[in-house]
Amino acid sequence: VSQQLKEEIRRGFAGLEDPLAGLLDMLESSGDWKGKGHSLGYYISSELQLWMKEHPAVQQSGMKLKKLQARVFRILDQCPANLLDPLISIYQLHTADRNYLLGHVSHLYHRGDYKEAAILSIKLKLQPDQDLEKMCAPLLFQDKINLVEDYVGEHPELQCRLLQILDSWCEPDFNIRDMARQYQGLTRYKPDKLNRKMLSKLIFRLLDRFNVDPALCPNVINQRHLRTLNYLFYKRFVEKTMTQENWTDHVQSTVGENRWLQGHLVQLLLRHCDLNTVARWAQRCNLPEEMLPSEVADELQKLEIQERVEEAIKEENYKEVKKKDYYQLPIPRAKIHLLQNWGEMVQCCEKVLQPGQIVGIDMEWRPSFGMVGKPRVSLLQLAVRDEVFLLDLPQLLEQAEVKGEKEKLPHFIQMLYSDATITKLGYGMSGDLSSLAATCSTLKGMDMQSQNVVDLLTVDKLVDVLPPEQSCGDGRLRQPEKGLSLLVQHVLGKPLDKTEQMSNWEKRPLREEQVLYAASDAYCLLEVYEKLCEDPESFGLSSDLTESLVGKPSLKARAKRQLNKQEVPSPSGQQCKGSDKETSCPPAPISPKEFSVVCDNMLQGLGRYLRCLGVDVRMLENEDDHRKAAEIARQEGRVILTSGLPYQTLQSQVGEGRCFSVNCSEKAKEQALQVLKHFNVHVTLADIFSRCQ
């Protein structure tokens, strides 16, 4: 447009009293603007739109604006698309009554002006209030796909709805021609062009453009997978250019768990394979019987019977091999008890906590596979002569929490470990105890309170070993034994079967194989211990098994053993005696920080003196009963320091060597020297005041 014309148009606007009404007068009286291309009417309208930005005072409002808008709607039917934007802006049509706008678009639509109705809807942003399928279907039939994309372009929810509509048109029973007959006056409609193949391509293009989850369009996805399936069958059975292994992998990944595709797979298999192959695929896909042809269902039934027979034979053979090659639990299955509530625990408590009892202890937890932190114990196994108790810790702790009895189970475990009259057998006991503490915080510090614990891991290092056999009875090679399994092999002749070691111990119910494995792991400790007690010298151990079997897991534990020189009973009831004379076998020296005591209330001066030397001291208050010292000693693994008559009472309540009588007539310094000498505690300069703040 020439500059001269622009200036002339602007002078005309300036000379009009109401430029907005003037433009409408011109458009109503002239037909020039109705054609295609940029007419004079378009240039004048566009120039007025720009001029109004410089002269905002000419803008109208209220009733005057509404009257102007009504006049615009009368010419809007004939209005070319390029004139819409200037007119909508000049006359603020977006502020007009929305129902009136929708009514006007509806008028265009029912007149068969589908394209015009869609364009005006986009310009006025009316899409959320319209029927998407009705607006877009005639546009698709007229091959105006770009306009459909513009219609939903700024509305993600409409994009998803459009894709769902298009996908529904791909259903097997849907008739597109029937749909097209609903729309009058369709121009340029070519029924053959809008077929399923074209729709499928369109849907995949729109899924990509709108970045929508393909799961929204199951019909078209299924059809694509079905075409892939047909192609795979062609490659395998017609061209014969694909291996069985590759073909199987591709078929499995294509079909997945989709029942519709699995049904088509069965039909394709029936055309190309024998019944046994079809039945095996039906079994692999876990297809219900009602989905299968009768001949396939019959074949599947035969296959399952055959597999059960084969599995039973295989299991029987495997059990025979295991009996021959691995340690076997010598007690009947009825003597293995899985305990999941406190009512079932009563019998366990009575048997396990008997004075003089020997208990094999093991624990199981889910493999951590590199996860940080201590694992939580899922199963605690306690084996006594001819019986094993499997404590389902998660279940027991959960029930105790609900019933408000959460202290019962930890109290039972503490009593077991702290009772010096009960021999506890384990393998790598310190690791088990730290995992137990991670499972139940009440059990923290159990390693400090434990008494009469025999850790066979320590013994394992002392036993004379033979080169291990590394082949099974059936000729198969197996991994070299290690850990407890290797010790069991050396002492009892056969290793443990560790097949279930890496199973998921948190999953319930436990499988029978897990139950037997867990029971064996605990019970074998009893048999190993008994064998070592019967003939220690044949395994390279000293005849003094108190020294050999208790082991040296830590300085702290060693200090406790030196304070608890007591006889260790064997399962057969024989005594494994230690030295009776301290002078002939003095305890190894320990430091003050390894020495824990509780002082009776008449020895508070001694307690303060020992604490200054770095000893871990607890003192009774003046009002405390003497018996409280025995309670503290049992719970915390401390030695009682007392004097006079209370000594006779207290020494009978704790293990031998765990109570010491001090001369009350001497001063605290002399008493301290007497205690340090008796227990062979060596004090250095670094120990003095080491416990003082």
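Trainee: Which residues of H7 and H8 meet?

Mentor: In this predicted model, Tyr114, Lys115, Ala117, Ala118 and Ser121 of H7 meet Met135, Pro138 and Leu139 of H8.

Trainee: What makes a residue of that contact nonpolar, polar or charged?

Mentor: The residue type decides: Ala, Met, Pro, Leu and Tyr are among those that count as nonpolar, and Lys is among those that count as charged. The contact of H7 with H8 therefore divides into six nonpolar residues, one polar and one charged.

Trainee: At what angle do helices H7 and H8 pack?

Mentor: H7, residues 114-124, and H8, residues 132-141, pack at about 130 degrees, and their axes are 9 Å apart.

Trainee: Why is H7 called oblique to H8?

Mentor: Over 145 degrees would count as roughly antiparallel, and 65 to 115 as roughly perpendicular. The angle of about 130 degrees falls in neither range, so H7 is oblique to H8. As for handedness, H7 passes H8 in a left-handed crossing.

Trainee: Let's turn to the sheet. What is its strand order?

Mentor: This open sheet has six strands in the order E1-E4-E3-E2-E5-E6, with mixed pairing.

Trainee: What makes E1 and E6 edge strands?

Mentor: E1 (336-339) and E6 (453-455) each pair on one side only, and they are the edge strands. On average, neighbouring strands are turned by 25 degrees against each other, direction ignored.

Trainee: How do you know that E2 and E3 pair?

Mentor: Pairing takes at least two bridges. E2 (residues 358-365) and E3 (residues 377-384) have six bridges, in the antiparallel sense, so they count as paired. For example, the bridge partner of Trp365 in E3 is Val377.

Trainee: Which helices pack on this sheet?

Mentor: H21 (residues 429-439) does, touching E2, E3, E5 and E6, with its direction at about 60 degrees to that of E2. H25 (residues 512-534) packs on the sheet as well, touching E1, E2, E3, E4, E5 and E6, and its direction makes about 145 degrees with that of E2.

Trainee: Where does Leu216 sit?

Mentor: Leu216 lies in the loop between H12 (196-210) and H13 (218-239).

Trainee: Is Leu216 buried, exposed or partly exposed, and why?

Mentor: Buried would need under 20% and exposed over 50%. Leu216 has 25% relative accessibility, so it counts as partly exposed.

Trainee: What does Leu216 touch, beyond residues up to four places away in sequence?

Mentor: Leu216 touches Cys160, Gln164 and Asp167. Asp167 is 49 residues from Leu216 along the chain, and their C-alpha atoms are separated by 8.4 Å.

Notes:
Residues numbered from 1 in each chain as written. Predicted model: local features only at pLDDT ≥ 70, side-chain atom pairs only at ≥ 80, totals over all residues. Heavy atoms only, no water. Axes fitted to C-alpha atoms, helices over the stretch in contact; angles between N-to-C directions. Helix = DSSP H or I, 4+ residues; strand = E, 2+ residues; numbered from the N terminus. Parallel < 35°, antiparallel > 145°, perpendicular 65-115°, else oblique. Left-handed = near helix turned anticlockwise from the far one by under 90°. Contact = heavy atoms within 4.5 Å. Buried < 20%, exposed > 50% of the residue type's maximum accessible area, 1.4 Å probe, protein only.
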